[in-house]
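Work through the exercises below with the sequence and the model side by side. Try each task before reading its solution.

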Amino acid sequence: MNSFSDSYKAAGVDVTAGYKAVELMKSHVARTKIPGVLSGIGGFGGLFEPDLSGVKNPVLVSGTDGVGTKLKIAFLLDKHDTVGIDCVAMCVNDVVCSGAKPLFFLDYIAVGRNVPERVAAIVSGVAEGCVQAGCALIGGETAEMPGFYPVDEYDLAGFSVGMVDKDRIVDGSKVKPGDVLIGVSSSGVHSNGFSLVRKIFHVGEQNLNLHVEELGKTLGEELLTPTKIYVKPLLKLMEECDVHAVSHITGGGFYENIPRMLRPGQMARIEKAAVPVLPIFHVLQRTGGVPERDMFNTFNMGVGLCIALPADEADKAISVLKEAGENACALGEVKDGEGVELC
């Protein structure tokens, strides 16, 4: 590659660093290759041929998101190989809520300065997330933007496309009063609410490296724990149980996300004692003096997914999820009303 511009480099953009970053990330991208991938990275578009065998009416389902201010933790700790998992998770977990299997993912990394090794570390996390979700990383973009981002900072976003047979779409239309609500445990804060997290902990490099006995690890290790990817367990559950609706608990917590899977005139009655609240949320609430409602209106509180299904399938659903390696429990039920009631 003989492309090089001294003038562009003097302006803060080193195109050769971009080429090196692509070379370094190729081995990570290769891990995600699945049947259907028709192109490698480096082209102008990612090509994917979906397998339509057995699918009567294919419907594409897409999702896009970023990592948010959780990236500030990665900057302070100079650890960049896990935030890519968060980026993938925030997209594919949304896609699978509709019953769709994620097919492929593309990322967008905007940097103040292109450090090839750092970009490759970011992409290694993206690739790991794709492997966990069973989808392919078929492309992306790294944009060097000096003067827009600080030289040691970046933003990370992406999107995923999945597919589901139209007859198997999970859209909440079957939800009815009496349905049981099943909660699937989160791995921690995931990738939401970090503006409040950083304010509460006055986040800096020193306190991120402090060991917190209640957490069993340093604060930084806890906060950088990647978002759990639920694709494979949830698809398995949908094969074996009559899932009526699924809510991915992200920003806005219980109060914003759970009503999105309900029909008008329905409410979710949640038993607080049943919620498997993780230690990090106790630490956050106590340290920040955060009211309980604000906690449940900001964080996942230990529940990454909420699933509605018939009451007579609750035990089976919990068993299927546990066999798939997930901790799951009954949280409450669907009733007549509006919104969410914590009791």
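Two strands pair if DSSP finds at least two bridges between them. Helices (H or I, at least four residues) and strands (E, at least two) are DSSP runs, numbered from the N terminus. The model is predicted: local features need pLDDT of at least 70, side-chain atom pairs count only at pLDDT 80 or more, and totals for chains, interfaces and linings use all residues. Residues are numbered from 1 along each chain as its sequence is written, and side-chain values use heavy atoms, with hydrogens and water left out.

**Exercise 1. Place β5 in its sheet.**

Task: Find the strands that pair with β5, and name opposite residues.

Solution.
- Step 1. Take the whole sheet. It is open and has 6 strands, in the order β8-β10-β5-β11-β9-β12, with mixed pairing.
- Step 2. Mark the edges. β8 and β12 (339-342) each pair on one side only.
- Step 3. Check the twist. Neighbouring strands of this sheet are turned by 25° against each other on average, direction ignored. Axes here are lines fitted to C-alpha atoms, for helices over the stretch in contact, and angles run from 0 to 180 degrees between N-to-C directions.
- Step 4. Go to the β10 side. β5 (residues 180-185) pairs with β10 in the antiparallel sense over 6 bridges. L181 stands opposite A308 in β10. The bridge partner of G183 in β10 is C306.
- Step 5. Go to the β11 side. β5 and β11 (residues 328-336) pair in the antiparallel sense over 5 bridges. Here V180 stands opposite E333.

**Exercise 2. Judge the burial of β5.**

Task: Are the faces of β5 covered or open?

Solution.
- Step 1. Fix the cut-offs. Buried means under 20% relative accessible area, exposed over 50%, partly exposed in between (1.4 Å probe, protein chains only).
- Step 2. Count. 6 of the 6 residues of β5 are buried, so the strand is largely enclosed by the rest of the structure.
- Step 3. Split by face. V180, I182 and V184 are buried on one side, and L181, G183 and S185 on the other. Both faces are therefore covered, as the burial count of 6 of the 6 residues also shows.

**Exercise 3. Compare two histidines with positive phi.**

Task: Which loop holds H190, and which holds H202? Is H190 buried or exposed? Is H202 buried or exposed?

Solution.
- Step 1. Take H190. Its phi is positive, about 65°, although H190 is not a glycine. H190 lies in the loop between β5 and α6 (194-201). With a relative accessible area of 2%, H190 is buried.
- Step 2. Take H202. Its phi is also positive, near 45°. H202 lies in the loop between α6 and α7 (205-208). At 65% relative accessibility, H202 counts as exposed.

**Exercise 4. Build the second sheet and add its helices.**

Task: What is the strand order of the sheet with 4 strands, and which helices lie across β2?

Solution.
- Step 1. Write the order. It is β1-β4-β2-β3, an open sheet with mixed pairing.
- Step 2. Mark the edges. β1 (58-66) and β3 (136-144) each have a single partner strand, so one side of each is left without a neighbour in the sheet.
- Step 3. Check the twist. It averages 15° from one strand to the next.
- Step 4. Look at the middle. β2 and β4 pair in the antiparallel sense over 10 bridges. The bridge partner of I109 in β4 is L156.
- Step 5. Add the helices. α4 lies across β1, β2 and β4, and runs at about 30° to β4. α5 lies across β2, β3 and β4, and runs at about 165° to β2.

**Exercise 5. Examine α9 and T82.**

Task: What covers the buried residues of α9, and what does T82 touch?

Solution.
- Step 1. List the buried residues of α9. They are V231, P233, L234, L235, L237 and M238.
- Step 2. Find their cover. It includes α4, β2, α5 (116-133), β8 (245-248), β10 (303-309) and α13 (314-323). Contact means heavy atoms within 4.5 Å.
- Step 3. Turn to T82. T82 lies in the loop between α3 (71-77) and α4 (83-96). At 12% relative accessibility, T82 counts as buried.
- Step 4. List its contacts. Not counting residues up to four places away in sequence, T82 touches L224 and P226.
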